[in-house]
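Take a look at the model below. Then follow the text from the whole complex down to a single helix.

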Amino acid sequence: MSPSGRFLLDGMAQTFEPGDTIAMAVVRAGGHPGHGGTLCLAGDCGSCVARVDGIAYVRTCLTPAHEGLAVERHPADGPPGWAEAPASRTIEVHHAETDVAVIGGGPAGRAAAEEARQAGRSVELLDGASGDEVVAIYAGPTVIVRRADGMRHLRARDVIVATGTAEIQPVGPGSRLEGLLTARAARRLHEAGVDLGRAVAIGPPPEGVPCTPLAGELVRLEGEGRVAAVVTRSADGELRSACDTVILDLGRSPRDVLSRMADDLPVTVVGSAAEAYPLPAPPTAGVVCPCVGTTVEDLEGVWERGFREVELVKRASLAGTGTCQGSVCLPHVRAWIAARAGEPPPPFTARPASRQITLAEAAADVHLDAFRRTPLHDEHVAAGARMDRFGGWWRPWHYGDHLAEYRAVREAVSLGDVSTLGKFVVAGPDAVEFLQRLYPTDVATIRPGRSRYALLLNERGHVIDDGMICRETDDRFVLTFTTGGAGNAEAWMRDWLETWGLDVRLMDRTMSLAAINVTGPRAAELLARAGLAEPPRFLQHARVELAGMACHVMRLSFTGEASFEIHHPVDRSVELWRGLLALGEDLGIRPHGLQALFALRLEKGHVIVGMDTELDTTPRRLGMDWAVNMEKPDFLGRSALARTSGQADHRRLVGLTMDGEAPMEGSTIWAGGAVIGHVTSAFASPTLDRAVMLGWQKRTPFPEQVEIDGRPASVTPPPFYDPEGARARA
Amino acid sequence: MRAPEPIPGTRIVGASEVLDQVRVPVDHPVLRFASDEVFVLGDFRWTGVESVLEEDERGFVGWWLTPEETAHVLHHVEWPLPGERPALAQGLVAGVPARLWLDDDRALLLVHAAYAHELVARLP
């Protein structure tokens, strides 16, 4: 129990007594912790919420007063503004499991807990009075508990709600005055020694609390800011009674907000929270929902507009969407609807959280997506790379001078970290059959030691990824996929493997192997220095010893120059990277980032799936019919391609060139005064001395001359650079 | 969290009923990643079985956890733990894809090296 002391209330000293909550201390001093309205002092309503130590919407009736607290009332006419955030602290989340979670430590909760224990089940009894403030129940069910030491996420097989009842609060003229207490609140204050002054009671007076019981029903409350009199009506007529405090016992309602947010979950309500209670008289005037400010007139407005179902009345009027989540207004809204519809509607649904929680509490234990690092990450950073996120990985965008990197590839030799590519081994007696069905290319004609570029299509014939097929033996292949598409490609292959029931083994090696692309006219020279005197020829691959380690070298080309993709164990990647850089120092070697790579491949007209393609892109639209072998009896997407091949198409990806600077990617393409498409990739090529682009044309007849950025551009079939491919094969 | 150590081993992919027959020395824990895949810790080769795909694996790192460290890690696990031992559990640990191998007297937190930095940062 806190000793007596002082805290700050709106910047002024406020004394408190041992055991006081903030609200109790304020009432003891003759004030109100909010700006009027009935106080329940049980956490059911929003009348006492205030900013405490920088955190808004704190229920002051549940917050013990202690020395040094800073309490600020919320504004009377609106929500609290932004405040300087309190010093950040990490909110720990503690995960736990139990058979049964019982919420509520009263007689019903304790009995339910004991019964479950007797049945041999593990039980967690969550009692707000003991510091376990349950704020939500989510699917699982998972019970979210706020505690002094952080949040607790308790997964339970069954949840029992034994939270008792709340007290009905008045709605009518004067119901927002200060000096109004529920019967329970009056008793608590009296027991704490708070002087209630001249107190009158509407309804059964609380036992032991000095007050004058008033007969009849409540008509209105009068006063300026604070209640000064109450008017009641009985058979003898209206009676006006002067007072300092009005104690209201207008009935009970189930405190069932937690169960109302847990539809379809194994949640049981027991005790008084499960009982039915008579609704109050339908309100005729005044504020129905004090948290939001919804009035009886507002309800009438939404009713007249046709919102007559309780959930719609809630959404349209906002009643029940505020601080107390309907604890105060729900009985009145139901009574008001019942008076019009003839019967009371069921209670409306509640939304987590039932108590205000901070963003830190809500976000506790929630993490950003984890982005992977290649084994060369630190090498890139040390080399001054600007790292960025691509396809779930951190990758070097450039090392400070993307044009110098570009030139290193075109004129000398360069290294690129392509460890992020999807890498899979497919093996087994049915491996060829599997890949024949999977790919539109004729996999059976790929000889061991050879590789081929291939598209991956879905059943609709749309391009979903691309990569290389490397055949190692009759029944073993290595497949590569794009960085961002590898995960989907794996799921795609596993789904079809299961569907077809073929005798094939599939292993994902994406994170097991690193890969370095050695590219440029002097690439072979560099590999020779590393011990590979006879590297594979174009579209061949081999298992070799390189720089003292077992590697799988694939000869291909994405950059337009001779390229060797060296796949190797991740734990030796730094060694290989450093070794190659050292061996190539006098060759003008330098690493290149994605920015240079994207430019290099664009000069060759190579598409990037996901960047240049759309969700319904077919090979024909890409001008890549050559990658599809329609002579094969079947493959995924074949029937769709066969069906649509004779139909007119109104979309195509084209190469474009123009003088001057490259437009921004995404720029619109114009023809005849209309937008006909957009640019997907663009680069001002220093080699070609013009801007080269890929872009979509989506209107026929396809024009050959267009405008981009207000400048003329021409459709130019790629590749723009080395169209014969002599450099890649060199 | 201290730096992880390399956890080398062998990955074997094959038919479920074939993998059920994998027998290894006791000092090579076998982690059943999936019905068609196991990861055998340490230097191990399952020779003579042609129908399986077997590859050296150097892409994992991990932590052999003390009981205190295990308790700390479990604070960051949202899913139910298996009750039997030994057992392999797979899922997000502090939002990072990872695996937990739990034995009576020891536990291994296993993660792809590509994710290790995230786990180190998230398990203070």
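What follows covers confidence, the contact between chains, the cores and one helix.

This is a predicted model. The predictor gives the complex an ipTM of 0.96. The pTM is 0.76. Chain B averages a pLDDT of 91, and 99% of its residues score at least 70.

Start where the chains meet. Chain A puts 22 residues into the contact, and chain B puts in 24 residues. On the chain A side, four strands each supply at least two residues: strand 6 (93-103), strand 10 (150-161), strand 26 and strand 30 (505-508). That side of chain A divides into 9 nonpolar, 6 polar and 7 charged residues.

Now go inside. The largest nonpolar core has 123 residues. Val426(A), Leu435(A), Ile469(A), Ile516(A), Val518(A) and Leu109(B) have the most contacts inside it. Helix 15 (residues 594-603) of chain A gives the most to this core, with 6 residues. A second, separate core has 64 residues, including Ile22(A), Leu69(A), Val200(A) and Val313(A).

Return to the largest core and pick out Ile469(A). Leaving aside residues up to four places away in sequence, Ile469(A) touches Leu435(A), Phe477(A) and Leu479(A), among others.

Leu435(A) leads to helix 11 (residues 431-438) of chain A. Its buried residues are Ala431(A), Phe434(A), Leu435(A), Arg437(A) and Leu438(A). Why do they line one face of the helix? Seen down the axis of helix 11 of chain A, the buried residues fall within an arc of 160°, so they share that face. An α-helix has 3.6 residues a turn, so residues three or four places apart point the same way. What covers the buried residues of helix 11 of chain A includes strand 26 (422-427), strand 28 (463-473), strand 29 (476-481) and helix 12 (486-500) of chain A.

Key
Residues are numbered from 1 along each chain as its sequence is written. Chains are lettered from A and ligands numbered from 1 in the order in which they are written. This is a predicted model: local features need pLDDT of at least 70, side-chain atom pairs count only at pLDDT 80 or more; totals for chains, interfaces and linings use all residues. A residue is buried if 20 or more other C-beta atoms lie within 10 Å of its own, exposed if 12 or fewer, and partly exposed in between; C-beta atoms are placed from the backbone. The arc is that of the directions from the helix axis to the C-beta atoms. Two residues are in contact if their C-beta atoms, placed from the backbone, lie within 7 Å. Ala, Val, Leu, Ile, Met, Phe, Trp, Tyr, Cys and Pro count as nonpolar, Asp, Glu, Lys and Arg as charged, and the others, Gly among them, as polar. pLDDT is the predictor's confidence in each residue, from 0 to 100. A nonpolar core is a set of buried Ala, Val, Leu, Ile, Met, Phe, Trp, Tyr and Cys residues joined through C-beta atoms within 7 Å.
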